[in-house]
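Hello,

Here is the structure I promised to pass on to you. Please open it first, and then read my notes below alongside it.

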Amino acid sequence: MYGSWSSAQVHAELRNILSVREAGNRAFRSGDYALSTKKYGEANYDILWLKGLRYANVIPADDWSIVEAITEMQYTTQSNGAASFLKYDAFSEVDDDGNEVCRFRKALNCTLVADEGLRDHPTLWKPSEDAKRKLLYRRAQAYEGLEGYDRAWEAIQGAHHLSPERDEAICGLAMKIWKVREYGKDGAEAGFVPMEPDFFFKPYRNEAYDRLRRCRLCEA
């Protein structure tokens, strides 16, 4: 149906996808999250289409520069798509069964597909630690929105460990997630919070946690 593509044709298509993603980046920076979400979606669709052509042996299967380019493009574009869904408050969609799909679910799916792309193409290309940190932070935001606080905690821990220095956004989200896990959703606003930010990035069951628990039991 498609014939056989040369490496040059594939890279030309990747440049076209990059231009669509850049249009999404411009829309995101300007605050037009409806448009940025649409453009990232178009770019992601085209990336999956290219992957399908590779599996169908339409494009060279032994050209690893193509595999790496597709992997990098998919990871970055899915991560950008997650960020866009998280900002798109007015997003509304209904699935084939008539169920409403929230923006947090869509954002989470973007982060998971990004990781799947790495497993599909185990090449020398790997995302930078900064790119992985952003993806994990967005995954934590998505899980928090879906009230999956244990998974959110796991993701925010991972984001912190990839931070070269203290990140206020990561610390702030970690505090919110920790309070809900500790006090429940209803009691999180009034719950005690340790003053030391690093507390949030120690193992959840650790000496500091146990000391805090014992103090609270003594006060009860």
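Helix α5 has 17 residues, which at 1.5 Å a residue should span 24 Å, and the C-alpha atoms at its ends are indeed 24 Å apart, so the two values agree. Please keep in mind that this is a predicted model. The helix covers residues 129–145. Its buried residues are Arg133, Leu135, Leu136, Arg138, Arg139, Ala140, Ala142 and Tyr143. If you are wondering about the spacing in that list, an α-helix has 3.6 residues a turn, so residues three or four places apart point the same way. Just after α5 comes Glu147, with a positive phi of about 65°.

One of those buried residues, Arg138, leads us to the largest pocket. Arg138 is among the residues that lie nearest the pocket's centre, together with Phe28, Ser79, Asn80 and Ala83. In total, 20 residues line this pocket, and the space in it is about 370 Å³. Which helices supply at least two residues each to the lining? They are α1 (7–29), α3 (64–87), α4 (103–120) and α5 (129–145). The greatest share comes from α3, which gives seven residues. Sorted by class, the lining has eight nonpolar residues, six polar ones and six charged ones.

While you are looking at α3, find Ile70, which lies in that helix. Is Ile70 buried or exposed? With a relative accessible area of 0%, Ile70 is buried. Have a look at Val10 as well: 60 residues separate Ile70 and Val10 along the chain, while their C-alpha atoms are 9.6 Å apart.

Next, the aromatic rings. The structure holds four aromatic pairs. In one of them, the ring centres of Trp5 and Trp49 are 5.6 Å apart and the planes meet at 70°, so this pair is edge-to-face; the cut-off for that label is over 60 degrees. The pair links distant parts of the chain, since Trp5 sits in the segment before α1 and Trp49 in helix α2 (residues 33–55), 44 residues apart. Trp5 has a relative accessible area of 16% and is therefore buried, whereas Trp49, at 27%, counts as partly exposed. The line between those two labels is drawn at 20%.

Finally, there is an aromatic cluster to look for, formed by Phe85, Tyr88 and Phe91.

Enjoy exploring the model!

Best wishes

Conventions: Residues are numbered from 1 along each chain as its sequence is written. This is a predicted model: local features need pLDDT of at least 70, side-chain atom pairs count only at pLDDT 80 or more; totals for chains, interfaces and linings use all residues. Side-chain values use heavy atoms; hydrogens and water are left out. On a 1 Å grid over the protein atoms alone, a cavity is a set of points where a 1.4 Å probe fits but cannot get out, and a pocket is an open set with protein on both sides within 12 Å along at least five of seven lines; lining residues have an atom within 4 Å of a point. Grid points are joined across faces, edges and corners, and a volume is the space filled by probe spheres set on the points. Helices (H or I, at least four residues) and strands (E, at least two) are DSSP runs, numbered from the N terminus. Ala, Val, Leu, Ile, Met, Phe, Trp, Tyr, Cys and Pro count as nonpolar, Asp, Glu, Lys and Arg as charged, and the others, Gly among them, as polar. Rings of Phe, Tyr and Trp (its six-membered ring) pair if their centres lie within 6.5 Å; planes under 30 degrees apart count as stacked, over 60 as edge-to-face and the rest as tilted. Buried means under 20% relative accessible area, exposed over 50%, partly exposed in between (1.4 Å probe, protein chains only). The expected span of a helix is 1.5 Å times one less than its number of residues.
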